[in-house]
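Biologist: I am new to this structure and would like to know how its labels are justified. Could you take me through a few of them?

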Amino acid sequence: MKPVSVLLAKRALPVCSVKPEDTVFHALQVLAQHEVGALVVMQGDQLVGVISERDYTRKVALQNKSSKDTLVSDIMTRNVLVVTPQTGTRVCMQTMREKRIRHLPVVDAGKVTGMISIRDIMDDLLEEHEQTIAQLESYITS
């Protein structure tokens, strides 16, 4: 399988982030605006956490808290697993499966360069399978 950098290059999206002192409501607006399921939480240039839709549902909505009164720092995941641009997609998929997570920040030389999701990996895997099928069909019919 290919390195994460190849997947990130295909979409060339900016890294979506919020600050720990932002409200959860603001984070939800950013999630919706960018149509993503998770954001990196940055304190200046430092990655300090990740906040996801799952964090919101489990730590705000189900606990009857207000997203307008709750800070990102109150619900974010602090011990963030990260990968590098050179990490293979198979390793990412295995990590996500074992840790039961859907997003991994990509960090290169201490700087967040992207976020890889399980959907990115599944899309790439399906694309590879479709190419293999097309090659096999071409081989059979030629």
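**Labels and their reasons**

Modeller: Keep in mind that this is a predicted model. A place to begin is S117, which is found in strand β5, residues 111-117.

Biologist: Why does S117 count as buried or exposed?

Modeller: Its relative accessibility is 13%. Buried means under 20%, so S117 counts as buried.

Biologist: Which residues does S117 touch, not counting those up to four places away in sequence?

Modeller: S117 touches M96, R102 and H103. For a contact, heavy atoms must lie within 4.5 Å.

Biologist: What about I140 in helix α6: why is it called buried or exposed?

Modeller: Helix α6 covers residues 118-141. I140 has a relative accessible area of 66%, and exposed means over 50%, so I140 is exposed.

Biologist: What makes the nonpolar surface patch of about 400 Å²?

Modeller: L136, Y139 and I140 make that patch. A residue in a patch needs over 30% relative accessible area, and I140 has 66%.

Biologist: How do you know that β2 and β3 pair?

Modeller: Pairing requires at least two bridges. Six bridges join β2 (residues 38-43) to β3, and the two run antiparallel. In one of the bridges, A38 has S52 in β3 as its partner.

Biologist: Why do β1 and β3 stand at the edges?

Modeller: The open sheet has three strands in the order β1-β2-β3, with mixed pairing. Both β1 (17-18) and β3 (46-52) have a single partner strand, so one side of each is left without a neighbour in the sheet.

Conventions:
Residues numbered from 1 in each chain as written. Predicted model: local features only at pLDDT ≥ 70, side-chain atom pairs only at ≥ 80, totals over all residues. Heavy atoms only, no water. Patch = residues over 30% accessible without salt bridge, like charges linked within 9 Å, V, L, I, M, F, W, Y side chains within 5 Å. Areas by Shrake-Rupley, 256 points an atom, 1.4 Å probe, with all protein chains shown as cover. Salt bridge = Lys/Arg side-chain N within 4 Å of Asp/Glu carboxyl O. Helix = DSSP H or I, 4+ residues; strand = E, 2+ residues; numbered from the N terminus. Buried < 20%, exposed > 50% of the residue type's maximum accessible area, 1.4 Å probe, protein only.
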